[in-house]
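Let's take a walk through the charged side chains of this model and see who pairs with whom. Keep the viewer open as you read.

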Amino acid sequence: WEFNGSFYQPSAFLMMGIPGLEALHPWISIPFCALYLTALLGNCVILFIIRKTPSLHEPMYYFLSMLAVTDLGLALCTLPTTLGLFWFNVRRIGFDACLTQMYFIHILSFIESSVLLAMAFDRFIAISHPLRHPSILTKTTVLKIGLAIVLRGMVSLLPIPFLLKRLTYCGKTELSHSFCFHPDIMNLACADIKVNVFYGMIILLSTVGMDFIFIVLSYILIIRTVVSLTTKEECLKALNTCVSHICAVLVFFIPMIGLSMIHRFGKNVPPLVNTLVAYTYLIIPPALNPVIYSIKSTHIREALLRALRRKRA
C-alpha cells in the first residue's frame, strides 16, 4: 500500500479466476487456449486473405479487416493475465498495469462497437443505393472513418484512468475477473465514486449505446429496402450479405449489455454468472467472428480455399 496522509492506493490488485473451480483451473485453461488460438489464427488468416486477394479490396472487407485487428487486440489484452492465472496461479497485477490493461480493453471494445456500426452503414448503402456505393465509400472515406473511430475511443476514455487514480482504496483488493474492468476497480474504492459512475454511464450510452441504436435503425432501413424488391431471390440474396454482420453484432452486444447490467444493478447475481458473462464478452467474439465470416462469406471462403490449394500445389 502507498500512504499519503488520508490517501490510500494499493500497489497491486488480486485477480480472480472462476469462483469455486480454482482446483480445476489447469483443465479449464484447455478450452480457453483453444478459444485464444482460434481468435489469433482466425483473425490473422482473415487479414492475410483480404490483403492477398485484390477482389476483396472494397469497403466491406476493409471494415472486416478493422474488426479483425480489433479482435486481435482484445484477445492479446486478456490472454497474458487469464492464462497466467489458470496455468501458474499468478493473481497479482500492479495498479498502473491494471489501469493500462483496463484502458485498452475498453478502447478496443468501443472501437469494435463503432466498426460494427460502420459495417451496418456499408450494408445499408450497398443494398439501398448500390450504384452510389463506390462513390460514397471510397478508400479515403473508409480511412477517415477508421481514424475517427480510433480517436473517438481514445479521447472519450482518456479520463477514466485518471478518475480511478484520484480515488482512495481500502479493504478489499480482489477483482472479479482475470482482467481489469472499470466498474470492477471502481467498486473497490472507499471514496465517493459518483463522478466515475456518471462519466462511465454517459460515455457508455453516448458511444456503444448510440452505436447499437444506429445499427438497429440501419437494419430497419435495410429491411424496408429489401421488402420493396420484386423477387424472393433478390430479397434472400440481399439479406444473405447481412447474416455474418448480424451474427457479429449479436455475439458482441448481448454479453456486453449483460455484463454492464450485472456490474451496475446485479448485486445479488452469483459470482460464477458474472465471471462467465465477462469471459463470453471478451473472449467469444474474437474467436467466433473469423469463423462466422469464413463460413457465411462466399468470397472469404473461396479466397481461403484458393490459398490452401496453392499451398498444397
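Start with Asp211, which is buried, at a relative accessible area of just 2%. That puts Asp211 on the buried side because the cut-off is under 20%. Bear in mind that this is a predicted model.

So what does Asp211 pair with? Its salt-bridge partner is Arg152, and the closest N and O atoms sit 3.1 Å apart. In sequence terms the two are 59 residues apart, and the pair links distant parts of the chain: Arg152 belongs to helix 5 (residues 139-157), Asp211 to helix 8 (residues 194-227). Arg152 is partly exposed, with 28% relative accessibility.

Now hop over to Asp96 and Lys165, whose side chains form another salt bridge, with an N to O distance of 3.0 Å. Here helix 3 (residues 95-128) supplies Asp96 and helix 6 supplies Lys165, so to speak across a gap of 69 residues in the chain. How accessible is Asp96? Its relative accessible area is 47%, which makes Asp96 partly exposed. Lys165 gets that label too, at 32%.

Loops get a turn as well. Glu174 and Arg91 join their side chains in a salt bridge, 3.1 Å from N to O. Glu174 lies in the loop between helix 6 (159-165) and helix 7 (182-186), while Arg91 lies in the loop between helix 2 (59-88) and strand 4 (92-94), and 83 residues separate them. Glu174 is partly exposed at 37% relative accessibility, and Arg91 is partly exposed at 25%.

For the overall tally, the model holds four salt bridges, including the Arg152–Asp211 pair we began with.

Definitions and conventions. Residues are numbered from 1 along each chain as its sequence is written. This is a predicted model: local features need pLDDT of at least 70, side-chain atom pairs count only at pLDDT 80 or more; totals for chains, interfaces and linings use all residues. Side-chain values use heavy atoms; hydrogens and water are left out. Helices (H or I, at least four residues) and strands (E, at least two) are DSSP runs, numbered from the N terminus. Buried means under 20% relative accessible area, exposed over 50%, partly exposed in between (1.4 Å probe, protein chains only).
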